[in-house]
Structure formats: C-alpha cells, structure tokens
Amino acid sequence: MAAVPAGENHAVAGSRSRGSVVRTAGSRGERTGIMTNVHILGSGTPTPTPDRFGSSYVVETGGELVMFDCGPAATQKFARAGLGILDLSATFLTHHHYDHAVDLPCLLLVRWDQAVNDTPPMMVCGPQPTTAIVDELVGTNGVFRRDIRARIEHPASQKTFEMRGGVLPRPWPDFRTRDLEPGDTVDGGAWSVSMARAAHVQPYLDSLAYRIETPDGSVVITGDTAPCEEVVTLAKDADMMLCCCWDHQDGSEHIDECVAEGMVGTMCGPEEAARMAKEAGVGKLVLVHSTPSIAQSEPAARAVRVAEGIFGGPVVFAHEGLRLSL
Ligand SMILES: [Zn+2]
C-alpha cells in the first residue's frame, strides 16, 4: 500500500508500494525474518570531538531507512555507515536544537540531487515548525534556491542529472513534510512511528520522543529529555530504548545550560535513563548523546555499571558507527 499520512503538506506522486506488516505495541519477541538494524550515526553533544558530535540514528528495516535526528555531519556519517541515501524513506526530528538538526539542509539537498524522477519521496517530520523550516531551506524562496536553480538550469548539471537516469525538466525539491504533535502516528507501511512529549526546553522548542514499530520489534528514541512519564509510557515494553545520557550527575560533569537558565527541561544521566528503562520494561537500554567527559573509557564503563545496576537488563554505551540488531 502507498503510505500517505493524513495532514502532510506536500503530496508527491510516485510513492512506492510497501508491505503493511506493522506489529502492535508491546508484542516483543516475535521474529519475522526481516533484519532490522539500528545505526548510531551521531552520539555526541553540541561540543565537537573527533569521535562524537550531535545526534543521529537510523533504523534499517525491510530495505527501508528511517532517520531520527540529523545532527552535525549526519549525511556523511550516513554514507560512512554504508547506507544509501535513496533508501531513506523518512527523517524525524526530535526538536530543533542544532545538534539534532543542523545537517538537515545537507541531507535534503543530497537526497534531491541524487534522486531521479521516479525516486520515492522522502518524508520530513518533526515538531512545528518543521514544515516551515524545510520550506525556508529548499523552497522556491529558500536560502538554497540559487544552488537549486543552478542545478536545474545549467546544462552541465542537467547532463549529470540525465547520466543518473533523470529526465528533463528537472523538478524542484519536493519533500512530504509534516508537523507532529504528541499522540500522532505516521504510517510508513512496513513501519509506523508514534510519539510523545519529551521534557526539554519548552516553551522555546517543542520536543518529541519517538517509537518506531518494525516487523522485528520496536525502538524508542527519547531525544533530549528529563525523566518524563510520557516518554516512559511511550517506551512501554519496547525492545530497545535509545536514551540521552548527558553525563554523570555527581559533581565534576557539566550541568545542562537549560537548567542554569531556569528552563523547564534538563537531561538524563545514566541513573535517570536506567530508571526510565526499568519503569518502561524495555529489552535493552542504549545510552546516547554523551558529553566528551562521560564518553571517556572509565566514565563510560561506570555509566554502564550504574545503569545496569538500576535497570537490571542489558546496557550499551553507544559510539558513532555502532550497528545494533533488533
Ligand atoms: Zn536539545
């Protein structure tokens, strides 16, 4: 069936047919033979280091790829993971902090530039104003309109497009965008995504946690959040939870600037992530979005020990490039 979620802002012809095998929430344990992998592309913070920078994850299921967050260099990390940009069906943003979204223009331009006329469209979803941001980037009045126009109209770019199999005239970028709210669902055919409010820096930025159901099980991506009942409910009995783990909370580590400024949100450390995982009853906890200090070998090992002691299940401290099977 062609997945055409209600409420999308740009309908594009050419949706490819997909299966409609979607498991219900909480049905952990059944195996379908479809290999589902979770790729950790970005597992750092706004502080760039050689090994970590920002957030980005990809769920690979049934030949489709679904990205969650598009932090710094996510497009290149995506290629480094051996993933094909035209297999990317949808991108979900948890919120619009730059360490989660700054590579979106690069991703949109590359996805468009590599595509030909019958390439399936990509969905771009997130809390408001995702639709407006996409339009401000690659719309006909967007900041990248000059580059796009040059690639559409210059004969050399037209030739490149035709060599890829494209047929002129080359179409303007057109993504299926959708602004999401807690409680919404997005049906991708072979996968579906539900969501809940995450507690972060409201009211400045809306934040969502996501749960993707695949034929092989479910994965929750918390995004940035403090311990939050809505996220725990969303994660109930999920097979895997990727939870932010900013730092140890016992002294020498960073305190999130959001707290210092009196905003609503903060972040989880290993204890908070583990408590949420235990309360939700998830199958595996993956600690992501880690500062340079906790990502060092001893603090990271301590984070795993602390989290395992509370959670009682398997805990992974993620590094960029890690691939986990569901
Ligand atoms: Zn954030």
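This briefing walks through two sheets, one helix and a handful of backbone details in the structure above. The model is a predicted one, so please read every value below as computed from it. One sheet of seven strands follows the order β6-β5-β4-β3-β2-β1-β14, and another sheet of seven strands follows the order β7-β8-β9-β10-β11-β12-β13. Helix α10 lies across β12 and β13, and the loops hold two cis peptide bonds, one before proline 129 and one before proline 203.

**The sheet from β6 to β14**

- This sheet is open, and the pairing of its seven strands is mixed.
- At its edges you will find β6 (176-180) and β14 (323-325), each of which pairs on one side only.
- From one strand to the next, the twist averages 20°.
- For a close look at one pair, go to β4 (residues 88-92) and β5, which run parallel and are joined by three bridges.
- Within that pair, alanine 90 stands opposite methionine 123 of β5.
- Helix α4 packs on this sheet, where it touches β5 and β6; the direction of α4 makes about 145° with that of β6.

**The sheet from β7 to β13**

- Here too the sheet is open and the pairing is mixed, with seven strands taking part.
- The edge strands are β7 (185-187) and β13, and each of them pairs on one side only.
- The twist averages 15° from one strand to the next.
- Strands β9 (residues 208-214) and β10 (residues 217-221) run antiparallel, with five bridges between them.
- In this pair, glutamate 213 faces its partner serine 218, which stands opposite in β10.

**Helix α10 and its two sides**

- Helix α10 takes in residues 297-311, which makes 15 residues.
- From first C-alpha to last, α10 reaches 21 Å, close to the 21 Å expected at 1.5 Å a residue.
- Three residues of α10, namely Ala303, Ala307 and Phe311, are buried.
- These three sit on the same side of α10 because they cover an arc of only 45° around the axis.
- The cover over the buried residues of α10 includes α9 (270-280), β12 (285-288) and β13 (315-317).
- Turned away from that buried side is a face with the exposed residues Ser297, Glu298, Ala301, Arg305 and Gly309.
- As α10 lies across β12 and β13, it runs at about 160° to β13.
- Just after α10 comes glycine 312, whose phi is positive, near 85°.

**Arginine 52 and its contacts**

- You can find arginine 52 in the loop between β1 (36-43) and β2 (55-61).
- Arginine 52 counts as buried because it has 23 C-beta neighbours inside 10 Å, and the cut-off for buried is 20 or more.
- Setting aside neighbours within four places in sequence, arginine 52 is in contact with Ser43, Gly44, Ser290, Ala295 and Glu320.
- One of these partners, glutamate 320, is 268 residues away along the chain, yet its C-alpha atom is separated from that of arginine 52 by 6.6 Å.

**Backbone details to look at**

- As background, most residues other than glycine have a negative phi, and most peptide bonds are trans.
- The bond from glutamine 128 to proline 129 is cis, with omega near 5°; proline 129 belongs to the loop between β5 (123-127) and α4 (130-138).
- The bond from glutamine 202 to proline 203 is likewise cis, with omega near 5°; proline 203 is in the loop between β8 (192-197) and β9.
- Alanine 73 is not a glycine, but its phi is positive, at about 65°.
- Alanine 73 sits in the loop between β3 (64-68) and α1 (74-80), and it counts as partly exposed because it has 19 C-beta neighbours inside 10 Å.
- Histidine 289 also has a positive phi, about 55°, although it is not a glycine.
- The loop between β12 and α10 holds histidine 289, which is buried, with 29 other C-beta atoms within 10 Å.

Terms used:
Residues numbered from 1 in each chain as written. Predicted model: local features only at pLDDT ≥ 70, side-chain atom pairs only at ≥ 80, totals over all residues. Helix = DSSP H or I, 4+ residues; strand = E, 2+ residues; numbered from the N terminus. Expected span 1.5 Å × (residues − 1). Buried ≥ 20, exposed ≤ 12 C-beta atoms within 10 Å, placed from the backbone. Arc of directions from axis to C-beta. Contact = placed C-beta atoms within 7 Å. Pairing = 2+ DSSP bridges. Axes fitted to C-alpha atoms, helices over the stretch in contact; angles between N-to-C directions.
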